[in-house]
Structure formats: C-alpha cells, structure tokens
Amino acid sequence: MDAKRREVLKTGGGVLALAAAAGIIKPGDALAQEWNKAAFETKSVAETVKALGGSGSTASGAIEITAPDIAENGAVVPIAVESKLPKTQAIAILVEKNPSTLSAEFEIPAGTDPFVSTRVKMGETSNVYALVIADGKYFHAVKEIKVTIGGCGG
Amino acid sequence: MRIHCLLAGMLAATLPCSALAQQDTLREIERYRQLLQDGNPAELYEARGEELWKRERGPKNASLERCDLGLGPGLVKGAYVRLPRYFADTDRVQDLESRLVTCMATLQGFTTDEAKRNPFSGTGVPMLTTDPFSGVSQRSVMTDLVAWIASESRGMKIAPSMSHPKERLAYQAGENLFYYRAGPYDFGCVTCHGEEGKRIRLQNLPKMTIAKDAQRAFGTWPGYRVSEGELRSMQWRMWECVRQMRFPELEFASDASIALITYLAKKAEGGALDAPAIKR
Amino acid sequence: MQPKTIVVLALCCIWVAACATRPSDSEAERAAAQMLKTSFKSRGQATIDRLNQDEVQALCSKYKGEPPEGVRQKIEKSQQATLRYPVSGKMMGDWREGQRIAQSGAGRQFTDDPARPAGGSCYNCHQLAPQELSFGTIGPSLYQFGKLRGSSEAIQKYTYGKIYNSEAFSACSNMPRFGHNGVLTEEQITHLVALLLDPESPVNK
Amino acid sequence: MADPMRIRASMTGDKVEVKVLMSHEMETGLRKDAQGKIIPAHFIRNVSVTHGGKTVLSAQWGTSVSRNPFLHFRFKGGKPGDKVTISWADNRGEKRTDEAVIAGG
C-alpha cells in the first residue's frame with residue numbers, strides 16, 4: 001500500500017476500523033447466514049454450478065476476469081470479476097484443479113456494483129471460472145492462470 | 001519438490017518455448033506483483049504491534065513505551081531507518097530486533113532467552129513445498145513489533161549511524177562475513193548477491209554492493225511474504241539466507257546477524273524505506 | 001552560514017573522522033572470525049564445523065571471488081587433482097532422471113531430511129530445458145549444451161568433471177563442487193551429464 | 001479473540017469503495033503438522049457488509065480463499081460520514097464485527 005493511502009487510513013475520516021463490539025447481531029449479519037456445504041465440496045465446475053442451483057452455464061463475453069496470466073506464488077492469486085450482465089445477482093470464483101472447486105460466492109444486491117476483487121489459493125496451474133447468476137440464468141468466463149514456483153525450490 | 005516437477009511438466013505442456021515466452025513470463029510476474037500491492041496484510045501485523053508496544057507485559061508488568069530505539073526513550077517515529085547503531089547502555093551495536101530483546105529484558109523483566117524465543121511467525125522456515133494449502137501459523141510478538149516500528153519510518157531515508165568505532169567495526173566485520181564462503185555448497189552471501197541483474201529461478205537478486213539494488217532490497221524489509229502468509233523481518237531474512245547457504249543456524253540477534261545488517265544498511269544508505277512491503 | 005556549507009563541512013568532518021578511526025582490516029577479520037564462533041549453532045545435519053573453510057573457500061573469500069592469476073592457477077591445479085571419474089567409464093546416465101535432479105533445490109539444509117538424496121539446484125541458476133520458464137541466470141544458459149558441443153568422450157569427461165568440481169575449471173566459481181563435496185553421487189552426476197548431452201534430452205531439442 | 005479488520009471505505013464518484021483485510025489463518029484442513037497429524041480446517045465461511053441497515057454484500061467462502069483475506073467491492077447510496085459494518089463468522093463459530101466511517105472522495 002502506498003504512503004498516501006496509508007495516510008487516509010490513519011487520519012482521513014477515521015477509516016481505521018476499531019474494535020466495534022463483536023457479536024452484535026443485525027439482520028444480514030454473517031451469523032444469520034447459511035453456508036452451502038455441498039457447493040464447497042464439489043470437485044468440478046459442472047458439479048459446482050449444480051450445487052449453486054443451476055443446470056448449466058453459458059459462456060459470456062460480458063464477464064471480465066482481471067488476474068495475472070502467471071502467478072508467482074499460488075498461495076495468493078489476485079482475482080477480480082466484473083459482470084456487465086443486467087440484473088447480476090451473484091458472482092462465484094471457481095478454480096478447476098483445486099481440491100475443492102468453489103472458492104468463494106458473493107451475493108450482489110441491487111445498488112452494489114457487480115464487481116468483486118479478492119485473492120485465492122491455487123494448488124497448480126488451472127482454469128479459473130467466474131460464474132455469474134444474472135436474472136436467474138447462469139453464465140461464465142474462464143481464464144487460465146499458470147502457477148510458478150519461486151525461491152530456490154529447496 | 002514434487003510440485004516443482006509437476007509444474008515443470010505442466011508448463012512444458014502448455015507454453016511455447018521461445019524467448020518471447022520468457023519475456024511474457026517476466027512481464028506477467030511483474031503484473032502479479034503489481035496486483036498484490038492493493039492490500040498488504042502487513043497492516044494487520046502493524047496494528048497488533050502498535051498495541052503490543054503499549055501493552056503491559058512480563059514480570060515487571062510494563063509496556064515498551066520507555067524503550068530507547070536510539071532516538072531517546074519512547075521515540076519510535078524514524079527510529080528504524082537509523083538502525084543499526086551503537087548503544088552505550090549495552091556497549092553494543094544493535095539492530096531493531098536485538099534492541100527489542102534488550103528492552104523486553106530491562107523494561108519488562110523477561111530473561112534474554114524468553115525475549116528471544118519465537119522471534120519469527122510460524123515456524124520461521126518457509127514452506128518446503130510450494131503448496132499453498134500448507135503453512136504453519138504461530139504468532140510472534142517480535143514480528144508484530146517490528147512491523148509497526150518499521151511502518152513508523154515509512155518513506156524516510158535509510159541513514160544508519162556510522163560515527164562510533166564499534167559501528168564501523170560492525171560494518172567491516174559484516175563485509176568480511178558477506179564474502180565468507182563455506183559449507184558443502186561453497187556458498188557465501190556474495191554467491192547470489194555479488195553480480196548485477198541476476199535471478200535465482202524467477203526472483204531478481206539484488207547486488208548488495210551497489211546502492212540502487214541495496215536500497216531496494218533493504219528498503220522493502222520487513223515484508224509480508226505471500227508464499228508463507230507471514231510477515232518477515234530483517235533478522236529472518238539473514239537467518240533464511242544463511243539456512244539456504246547450507247550454513248549452521250544463524251542465531252537470532254547474534255553479533256554476526258547484526259554485523260551483516262549493519263553492512264547492508266550502510267550500502268542502502270540514502271534509499272527510502274518502503275516497508276513493510278508485500279512480496280512473493 | 002548557508003545550510004549547504006554546514007552540510008559540506010559536516011560531511012568533511014565525518015569523512016575525516018571515519019578515515020582517522022577506521023578499524024584495521026585485521027581487526028575486522030578478527031571480529032568476523034569471533035562472530036563465526038559465537039553467532040552460529042549446529043542444527044540437524046548443518047553442524048558448526050561447516051564454517052571451517054578448506055583452502056579454496058579461504059582463498060576465494062580472501063580475494064572476494066577474484067583471485068590474482070597465480071592464485072587462480074594454484075586453485076585450479078589443486079582441484080584438478082581431486083577429479084574422480086566413474087570406474088566403469090560410463091559417464092552418461094538417464095536424462096529423465098537428470099531432469100528431476102536438476103529441478104530439485106533440496107539438500108544439505110538443516111531443514112532437509114538427510115536420508116533423502118540432494119538435488120542439483122541446476123534450474124536455480126541455469127536455463128536448461130526450454131519448457132521450464134522458472135530458471136535462474138547466475139550461471140550461463142545451458143540450453144542446447146550438447147547440441148552445440150556433441151557428446152564425444154572428451155566432452156562427456158569435461159561435463160562430468162565440471163559438475164564434480166567446478167573449481168578445477170574456473171577458480172572461485174559460484175557453482176558448488178557437487179562431487180568433490182559429496183553432495184551428488186557418481187550416478188546422479190551421470191544423469192545430469194545425460195540431461196546436458198543426450199540428443200534426446202529436452203535440453204538439446 | 002480475533003484481531004480487528006482493517007477497513008478502508010471512501011467515495012469514488014457516487015460510489016463507496018470498500019477494501020478490507022481480515023486477520024485469519026484460512027486453514028484448509030488438508031495440511032499436516034510436523035508429527036504428520038492433520039491440522040483441522042479453520043476458515044471464514046460467511047462475510048456480510050451492511051450500510052444503513054441494508055446488506056450491501058454477502059459472501060460465502062471456502063478454504064481456498066487466501067490467508068489474511070482481502071476483499072474489494074463498491075456500492076451506491078453511501079455518503080461521507082456514514083458507517084459501513086463488516087462481519088465475518090468462521091467454521092468454529094468465531095466471529096468478528098468492525099465498522100468504518102466512509103471518508104470523503
């Protein structure tokens with residue numbers, strides 16, 4: 001992070017998140033949510049789509065994946081997904097060759113940009129899928145990301 | 001190693017073999033590094049470190065707020081870039097980490113051994129495979145403190161003190177150690193850091209004897225290492241290089257470690273501290 | 001006084017002071033030698049005696065890797081005398097095995113299992129098979145090493161010897177003396193020779 | 001207790017840009033310790049972000065989200081001085097809630 005942004009973090013608008021009392025449960029709080037165990041145990045893209053309630057998905061040019069072609073380390077692979085599909089409801093990130101295919105699923109309410117950026121682990125070179133649910137239909141984009149090893153390999 | 005070979009196979013199967021491919025590789029690796037800059041988990045360590053500096057700990061139930069890092073008791077801003085330096089109370093040249101050991105002992109009442117225990121997050125040893133599904137977690141008070149104290153010098157010029165004879169002696173001893181080759185691989189620091197523009201695998205190697213490289217290298221430690229999911233300090237950097245040189249273990253906060261850090265700090269003089277950084 | 005002048009004067013003072021009290025080389029050497037005794041500890045297979053230098057290591061340290069011509073010749077000559085070739089005369093093994101050895105950077109660290117064979121760390125410093133993009137540049141590219149040189153007995157012998165003891169050919173080389181220091185076995189070295197020289201090896205494709 | 005998150009929320013045009021770092025191991029459950037014993041999975045499963053009582057993002061995560069997770073997204077309807085509240089809960093029932101005030105653009 002650059003010095004400028006840090007400055008914002010420390011002084012500007014008090015963005016520094018202080019320990020707000022944990023455990024205050026409000027509607028929409030993490031605790032009130034469910035976790036789709038079956039979806040996170042899937043071992044292929046087709047299985048994941050199914051576990052997320054779809055019967056299949058269509059490739060779409062309206063989904064953009066921003067990620068490096070080659071990751072210097074598989075422990076942290078930055079991936080951003082942006083959907084230009086109208087009525088985007090959800091975005092999921094799938095790594096085909098990971099032990100479990102589904103990495104993360106985001107629900108996008110109206111008013112929130114159909115965009116998420118996060119970082120995932122990749123065990124090896126693999127196709128990464130961005131799965132988008134828009135207006136009840138399932139679409140995807142795919143990008144191969146190669147994982148290299150660094151250091152002295154010892 | 002297993003993954004290593006697997007990967008080679010995979011790359012072999014999917015990539016064209018040309019100089020162009022190599023350029024693409026370097027460009028994409030650079031892009032990867034850029035994409036990481038957006039959010040540096042070192043911040044999480046910095047926040048813990050600031051809290052630990054103020055927290056009453058140890059047999060004396062005292063904080064470190066009276067610790068003298070060289071600029072006077074309790075002065076942290078700008079202290080990191082002035083280290084290592086000579087301290088009269090210990091009659092020793094000390095880097096940040098060895099100085100923190102002193103403060104934990106004198107102010108908080110820990111024994112020196114207690115203060116030196118667990119100097120690195122995790123096991124200290126990087127994952128021996130490249131498997132991102134690995135990693136050993138264990139927090140280190142020392143590492144958290146280092147993250148915060150270094151962050152309080154961000155953007156400042158590296159300016160280690162060289163006025164005391166012991167500081168100059170540490171520098172020269174550090175230079176001697178830098179060129180010292182030994183062990184079953186005949187390695188020394190200079191093996192990897194003696195020439196400009198070299199790489200080990202895909203990682204660029206700084207030539208530590210030229211200012212430009214030394215400034216960039218020294219100025220980006222401590223750093224959050226994504227490959228290990230941990231923040232790493234300058235003492236760790238020395239310890240880990242020495243491990244890979246096939247030497248016996250370099251003791252934490254030892255005179256040799258401080259001499260090497262003094263040598264490197266002097267070589268990096270005038271560079272700006274851009275740490276804690278985020279690294280491969 | 002102008003601030004600039006003050007700075008200049010201050011710099012002069014520092015410079016003079018530094019020169020006046022610069023520790024002597026022998027003092028620094030003694031300090032470094034003392035540190036080697038007190039700052040390291042044995043861990044696993046990496047025992048403290050590893051810090052004891054042989055003559056080559058001592059000379060290369062002393063001359064910071066650039067020995068004068070006489071010393072260079074002396075080192076190369078003494079190291080030539082250490083070269084040991086396979087008794088069977090067979091210096092080319094299996095390039096596939098060689099590829100595995102070349103990829104591995106493990107071996108002799110205190111974190112390595114001493115029961116497992118060491119790797120050659122070749123890709124850490126050299127380009128070999130072009131398919132491996134993650135290669136280092138401390139050493140020269142060895143891509144097409146055999147294609148350019150052939151695989152005559154003389155070339156095989158040179159290649160084997162260079163891996164066995166690089167100092168015999170280039171004093172104060174950065175390359176470990178893999179055979180001489182007992183890091184790689186005779187058989188492992190023959191596999192690496194094959195990786196470099198076998199026409200079927202990806203290095204020569 | 002888990003460490004605080006580091007949250008940055010600022011205006012970019014008419015949108016609130018949120019970047020957050022969470023302190024979490026994100027242990028996969030596939031890894032063994034030095035004794036060869038499996039280290040149990042420990043990872044954030046649910047993340048929820050609210051603004052003015054309305055959920056602006058909710059997420060479900062698996063074990064392959066990177067350690068010390070980073071998340072970046074944008075939403076409309078916020079203004080400087082408003083609060084953004086972020087919560088996570090992991091598979092062991094640990095949870096954490098932090099707030100940030102939206103900074104000007």
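A residue counts as buried when its relative accessible area is under 20%. Keep that cut-off in mind as we walk through this predicted model, because it tells us that C:C122, with a relative accessible area of 13%, is buried. C:C122 is in no disulfide, and the nearest cysteine sulfur, in C:C125, sits 8.8 Å away.

Let's stay with cysteines for a while. A disulfide is a covalent bond between the sulfur atoms of two cysteines. Over all chains, the count of disulfides comes to two.

One of them is in chain B, where B:C67 is joined to B:C103 with the sulfurs 2.0 Å apart. The torsion about this S-S bond is about 75 degrees, so the disulfide is right-handed. If you trace the chain, you'll find B:C67 in the loop between α3 and β1, while B:C103 belongs to helix α4 (residues 96–106), so to speak a link between distant parts of the chain, 36 residues apart. Both ends are tucked away by the cut-off above: B:C67 is buried at 0% relative accessibility, and B:C103 is buried at 3%.

Now hop over to chain C, where a disulfide joins C:C60 to C:C172, again with an S to S distance of 2.0 Å. Here the torsion about the S-S bond is about -90 degrees, so this disulfide is left-handed. C:C60 sits in helix α3 (residues 55–62) and C:C172 in the loop between α8 (153–164) and α9 (186–197), which puts the two partners 112 residues apart in chain C. C:C60 counts as buried at 1% relative accessibility, and C:C172 counts as buried at 7%. There's one more thing to look at in C:C172: its phi is positive, about 65 degrees, although this residue is not a glycine.

C:R108 shows a positive phi too, about 70 degrees, and is likewise not a glycine. You'll find C:R108 in the loop between α5 (95–103) and α6 (122–125) of chain C.

Back in chain B, why is B:C241 not bonded to B:C189? The sulfur of B:C189 is the closest cysteine sulfur to that of B:C241, but at 6.8 Å it is too far for a bond. B:C241 is partly exposed, with a relative accessible area of 23%.

Next come the charged side chains. Searching the whole structure turns up 48 salt bridges over all chains. Take B:R48 and B:D144 in chain B, whose closest N and O atoms are 2.9 Å apart. B:R48 lies in helix α3 (residues 42–54) and B:D144 in helix α6 (residues 141–151), so their salt bridge ties together parts of chain B that are 96 residues apart in sequence. Are these two partners buried or exposed? B:R48 counts as buried at 11% relative accessibility, and B:D144 counts as buried at 3%.

For another example, go further along chain B to B:K212, which meets B:E196 in a salt bridge with an N to O distance of 3.5 Å. B:K212 is in helix α9 (residues 211–218), whereas B:E196 is in the loop between α8 (189–193) and β3 (198–200), so this pair ties together parts 16 residues apart in sequence. B:K212 counts as exposed at 54% relative accessibility, and B:E196 counts as partly exposed at 47%. B:K212 has a salt bridge with B:D213 as well, at 3.2 Å from N to O. B:D213 counts as buried, with a relative accessibility of 12%.

Salt bridges can also link residues of chains A and D. A:E82, A:D113, D:K15, D:E17 and D:R74 are linked in a network of them.

Finally, look at the backbone of chain B. Which residues does a cis peptide bond join, with omega about -5 degrees? They are B:L83 and B:P84, and B:P84 is placed in the loop between α3 and β1. That loop is also where we met B:C67. Another cis peptide bond runs from B:W221 to B:P222, with omega near 0 degrees. B:P222 is in the loop between α9 and β5 (223–225) of chain B.

Note on methods:
Residues are numbered from 1 along each chain as its sequence is written. Chains are lettered from A and ligands numbered from 1 in the order in which they are written. This is a predicted model: local features need pLDDT of at least 70, side-chain atom pairs count only at pLDDT 80 or more; totals for chains, interfaces and linings use all residues. Side-chain values use heavy atoms; hydrogens and water are left out. A salt bridge is a side-chain nitrogen of Lys or Arg within 4 Å of a carboxyl oxygen of Asp or Glu. Helices (H or I, at least four residues) and strands (E, at least two) are DSSP runs, numbered from the N terminus. Buried means under 20% relative accessible area, exposed over 50%, partly exposed in between (1.4 Å probe, protein chains only). A disulfide is a pair of cysteine sulfur atoms within 2.5 Å.
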